[in-house]
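Hi,

Here is the structure I promised to send over. Have a look at it first, and my notes follow underneath.

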Amino acid sequence: MDLKVTRYEIRDNGVATVWLDRPGRGNSWTSRMNAELRWTMATLDADPTVRVVVLTGGGDQFCVGADTKALDFYTETDEKYSDTVNKPDFARPGHGVNPEFDHDLVWMWGLRVPLIAAINGPCAGIAVALAGYCDLRYAVQGAKFTTATPRLGLPAEYGLAWLLPRIVGLANAADILITGRILRSEELHQMGYLNGVHPRDEHFLGTVYEVADYIATQVSPASATGAKRQIYAELLHANVGTAVEDSKALIEQFMQQPDFKEGVAAMAERRAPQFAAPAPDTLPAPPA
């Protein structure tokens, strides 16, 4: 795919970085960006050398939300919104793991690789949901966040009314979604939306890479995939006993894999584990 509004690279240790990249437009979200992000994530998820992905914005902004020209389009067209945002030719990363994951943005939960949001500047509208479906979230100090929808006459979008109460609690979610007010990263960190807040300087991405590097080099790829999918699948369950029994079945399954033997040996020998690349039959198919 010819990438025009995103770009990516893969480092030698298996950490990939994806940039939302629309200079001069605040990395604002468009249908093209949606298509490119899906294709890129499907490509990275199918690459056995990739063990974790960092999602960030080009320049000093993460994503300021939907492009204003796109919003103007919807004030003048009779075309249905749902028909414009989920086109049949889009790649389907993360699909096939759980039916609940086979939807816009929720597909991130079905990915094999952990996904880290490195929020390097303003994060508004759909970008709040985009980051919310990532597994970990870090932001620069003083970054501005807003859902924006209340000031546009719109409801909470992309499942945020389901997601935010589970991340920040009911009272905080109501504050964020009903008021649409601007919040700074420090306040969202206190609410629990962010895993950390770091200085706004050239070292911010490097600080996030420290987390990504640890996952890429010290964590079993199979365990990382299993844990993230467990977390989100269990959000959909109401029975803790089911979670216990499911985890026991998974433990038995994972104990038969090479990563378990290597992890035990590394612990006994007091060395860093050397986990192999994911087995070919565990990888999703690359996008067409």
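Which helix do the buried residues of H11 pack against? They pack against helix H9 (221–235), where contact means heavy atoms within 4.5 Å.

Before going on, a word on the ground rules. This is a predicted model, so local features need pLDDT of at least 70 and side-chain atom pairs count only at pLDDT 80 or more, while totals for chains, interfaces and linings use all residues. Residues are numbered from 1 along each chain as its sequence is written, and side-chain values use heavy atoms, with hydrogens and water left out. Helices (H or I, at least four residues) and strands (E, at least two) are DSSP runs, numbered from the N terminus.

Helix H11 and its surroundings

Back to H11. Its buried residues are Asp259, Glu262 and Ala266. They sit on the same side of H11, because they cover an arc of only 65 degrees around the axis; that arc is taken from the directions from the helix axis to the C-beta atoms. For burial, buried means under 20% relative accessible area, exposed over 50%, and partly exposed in between (1.4 Å probe, protein chains only). On the face turned away from the buried side of H11 you'll find the exposed residues Lys261, Met267 and Ala268. After H11 comes Arg270, with a positive phi near 55 degrees.

There is also a nonpolar patch on the surface, formed by Ile251, Met255, Phe260 and Val264, with about 350 Å² of accessible area together. Patches are made of residues with over 30% relative accessible area and no salt bridge; like charges are joined within 9 Å, and nonpolar side chains (Val, Leu, Ile, Met, Phe, Trp, Tyr) within 5 Å. The areas come from the Shrake-Rupley method with a 1.4 Å probe, and for residues only the protein chains shown count as cover. Met255 from this patch lies in the loop between helix H10 (240–254) and helix H11 (258–268), and is partly exposed at a relative accessible area of 41%.

Salt bridges

How many salt bridges does a search of the whole structure find? The search gives 12, a salt bridge being a side-chain nitrogen of Lys or Arg within 4 Å of a carboxyl oxygen of Asp or Glu. A few to click on:

- Asp21 and Arg7 meet at 3.1 Å, N to O. This pair links distant parts of the chain, 14 residues apart: Asp21 is in the loop between S2 and H1, and Arg7 is in strand S1 (residues 6–10). Arg7 is partly exposed, at 36% relative accessibility.
- Arg32 and Glu36 have their closest N and O atoms 2.7 Å apart. The two are separated by about one helical turn, because they are 4 residues apart in helix H1. Arg32 is partly exposed at 33% relative accessibility, whereas Glu36 is buried at 0%.
- Lys248 and Glu245 meet at 3.2 Å, N to O. They are 3 residues apart in helix H10, so about one helical turn separates them. Lys248 is partly exposed at 45%, and Glu245 is partly exposed at 44%.

Arg22, Arg25 and Asp67 are linked in a network of salt bridges as well.

A small sheet and a buried threonine

In the middle of the numbering, 3 strands form an open sheet in the order S5-S7-S8, with mixed pairing. Strand S5 (123–124) and strand S8 (183–184) stand at the edges with a single partner strand each, so one side of each has no neighbour in the sheet. Two strands pair if DSSP finds at least two bridges between them. S5 and S7 run parallel and are joined by 2 bridges; Cys123 has Phe145 in S7 as its bridge partner.

Thr147 is in the loop between strand S7 (144–146) and helix H5 (160–168). Is Thr147 buried or exposed? It is buried, with a relative accessible area of 3%. Leaving out residues up to four places away in sequence, Thr147 touches Gly125, Val128, Glu157, Leu160, Ile176, Leu177 and Gly180.

Two odd backbones

Asn27 has a positive phi of about 55 degrees without being a glycine. Asn27 is in the loop between strand S2 (15–20) and helix H1 (31–45), and is buried at 2%. Leu105, also not a glycine, has a positive phi of about 65 degrees. Leu105 is in the loop between helix H3 (81–85) and strand S4 (115–119), and is buried at 3%.

Cheers
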